[in-house]
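Here's a quick look at a few local features, starting with cysteines and ending with a strand. Have the sequence and the 3D view open as you read.

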Amino acid sequence: MGPSPSPPQPPPPLPATGRLLVLYASQTGNAMDAAERVGREAERGGCPAVDVLSMDSFDPSCLPGERSVVFVVSTTGQGDPPDSMKGFWRYLLKKDLGARWLEGLRFAVFGLGDSGYQKYNLPAKKIDRRLLQLGAEIIIEIGLGDDQHPSGYEGALDPWLLSLWESLNKANPSLLPRITDIINPNLNYLGDSKIEVIYYSCNDAPPDSVVSDSKKLIERARLMSPALKFHSDGEPQYMLKMVTNQRLTKEDYEKDVRHFELEDPSSAISYQVGDALEILPSQNPSAVNAFIERCNLDPDSYITIRAKGGDEVSNGSLLNGSMGRIKLSTFVALTMDVASGSPRRYFFEIMSHFATAEHEKERLQYFASPEGRDDLYQYNQKESRTVLEVLEDFPSVHMPFEWLVQLTPPLKKRAFSISSSPLVHPNQIHLTVSIVSWLTPFKRTRQGLCSTWLAGLSPNEENLIPCWVHKGSLPPPKPSIPLLLIGPGTGCAPFRAFVEERAAQSARESTAPILFFFGCRNEDNDFLYKDFWLKHAQDKGVLSLKEGGGFFVAFSRDQPQKVYVQHKIKEQSARVWNMLCSGAAIYVAGSSTKMPADVTAALEEVVRQKGGEAASGWLRKLERAGKFNIETWS
């Protein structure tokens with residue numbers, strides 16, 4: 001694995017007086033969008049200086065020098081903070097920061113979460129509480145955005161922002177001299193885009209601007225994208241070849257789950273069990289071409305993208321002189337999600353300025369208004385409408401490419417739990433992937449971009465897959481620690497790696513047993529890796545009862561009453577309790593809906609019944625010791 005690229009350097013701090021600082025921590029882009037909206041509205045209200053920054057690009061030791069800060073924080077997994085918040089949060093927890101450290105700082109926090117989860121908006125609530133402990137003063141009460149609201153997080157953001165501006169204006173009228181422009185915005189006023197695009201004809205492009213190395217090309221394109229400027233991991237660590245694409249579920253079954261084997265034919269891949277593989281998917285070339293044609297762009301022209309003011313978007317990158325030029329069609333394909341990501345509300349507001357048909361302009365302005373928010377949510381997010389579809393629905397709109405680059409959702413990498421052990425497959429990574437497909441409220445079929453692309457790749461074709469290995473949230477266990485694993489559905493992926501690794505270790509040293517609970521709907525349809533588990537559950541296998549382990553399956557639909565993994569845990573309470581008493585580490589993986597909470601409740605019941613212990617305290621103790629780990633995905 002090559003060295004990680006240096007993170008982008010944060011801009012030098014500006015004088016805090018008269019400035020509003022907006023810090024966001026985003027995992028999928030929603031918190032960044034919300035933060036950018038806070039920044040735009042502050043600028044519209046005449047704020048002398050506004051800075052919108054990712055939390056990991058701001059030095060937290062500079063916080064006492066600020067006067068007004070808005071924090072916008074999303075939630076990941078089971079109430080975890082986004083990656084970009086972790087370093088900032090660690091700094092705030094330092095013991096030498098006193099109760100007056102942030103005296104003079106006024107702040108407001110808006111969280112993005114889902115009330116369907118137990119730890120709803122926990123990172124936002126934690127940062128709100130900690131800032132108060134450090135002596136900062138609250139501007140307004142914390143705002144809690146909820147994915148369950150009919151309008152998504154904006155249902156809470158709209159009224160919260162109005163309160164924020166009114167409170168800030170009351171305390172310091174000079175901060176927002178044009179506050180009326182925020183409360184009653186003039187939708188006919190178009191500000192400037194934050195970037196500019198410089199075009200070169202193909203004849204002007206020097207030979208060295210054509211990059212033959214696909215890794216370098218991906219890095220160059222993504223460094224140039226304004227939406228990815230704080231989220232670039234540099235060039236892909238690996239370009240892997242698909243060598244196996246095998247369907248695990250029955251051919252005629254509604255759910256399509258695949259086993260993929262990706263290989264580096266020339267060298268070993270550096271990874272551990274518990275790690276995740278991030279993949280940059282390829283967009284359908286016909287969708288990219290349709291977008292370029294719809295927007296009247298020249299696919300063969302070369303471009304450089306710069307922030308207004310002259311610098312390339314990413315400071316300190318390769319982008320200087322001719323090396324900063326890239327083919328427009330390549331840039332779109334590698335950075336702009338034109339055919340799977342839904343645009344944000346601001347996209348519709350900017351579109352309204354470029355609509356020449358009056359009925360289209362009116363509809364777009366309505367969508368961008370508070371009154372049209374719910375209808376926009378139904379038309380756009382609920383229908384998973386893509387940028388290309390939206391542009392085709394409003395044919396009179398011709399947005400300049402500068403605005404499209406700024407507002408089209410970025411093409412994001414997708415992360416998958418690794419389901420192989422490097423001890424067994426040193427130059428391969430295996431993945432267990434559900435091919436995503438769903439019906440919208442208007443019965444339109446939508447498909448997941450990355451999983452559908454991977455499913456369509458034929459083994460040993462020339463297609464190379466851009467990949468990055470990332471440390472997962474499941475730490476690799478020592479061979480001497482007994483394991484209690486719970487992984488229904490594709491949650492079994494990391495545990496296939498754990499079992500494979502422990503089996504390899506047991507061939508050369510003494511290892512502790514594994515007790516594994518798997519769940520699926522039917523034995524005949526979706527019993528993923530059936531032969532693999534049964535092989536390791538026999539004789540002296542690491543899952544065998546003989547060795548102190550066990551393998552138990554919950555088939556939820558094979559009998560009139562539904563049976564899930566939590567029921568099997570209770571059924572096997574004596575084995576579970578014995579494992580816990582022998583110092584087992586608990587690992588849970590799978591869907592982030594109800595399963596983790598139900599499994600935790602079942603484990604608490606076992607502890608209460610068998611040990612007479614304070615169950616939640618027991619599990620919290622395990623969590624603090626790093627022996628209760630949960631990895632979930634939606």
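## Two cysteines, no bond

Cys467 is buried in this predicted model, with a relative accessibility of 0%. Cys450 is buried too, at a relative accessible area of 2%.

So are the two bonded to each other, or free? A disulfide is a covalent bond between the sulfur atoms of two cysteines. The structure holds zero disulfides, and Cys450 is in none. The cysteine sulfur nearest to that of Cys450 belongs to Cys467, 8.9 Å away. Turn it around and the picture holds: Cys467 is in no disulfide either, and its nearest cysteine sulfur is that of Cys450, at 8.9 Å. The cut-off for a disulfide is within 2.5 Å, so a sulfur pair at 8.9 Å doesn't count as one.

## A strand that's walled in

Now hop over to strand β20, residues 550-555. Six of its six residues are buried, so the rest of the structure largely encloses the strand.

Which way do the residues of β20 point? Gly550, Phe552 and Ala554 go one way, while Phe551, Val553 and Phe555 go the other, and all are buried.

## Its partner and the route between

Strand β19 (residues 514-520) runs parallel to β20, and six bridges join the two. Within this pairing, Phe517 sits opposite Phe552 of β20.

How does the chain get from β19 to β20? The path goes through helix α16, residues 530-537, making a β-α-β crossover that is right-handed.

How values were computed: Residues numbered from 1 in each chain as written. Predicted model: local features only at pLDDT ≥ 70, side-chain atom pairs only at ≥ 80, totals over all residues. Heavy atoms only, no water. Buried < 20%, exposed > 50% of the residue type's maximum accessible area, 1.4 Å probe, protein only. Helix = DSSP H or I, 4+ residues; strand = E, 2+ residues; numbered from the N terminus. Pairing = 2+ DSSP bridges. Right-handed = clockwise from strand over helix to strand, strands pointing away.
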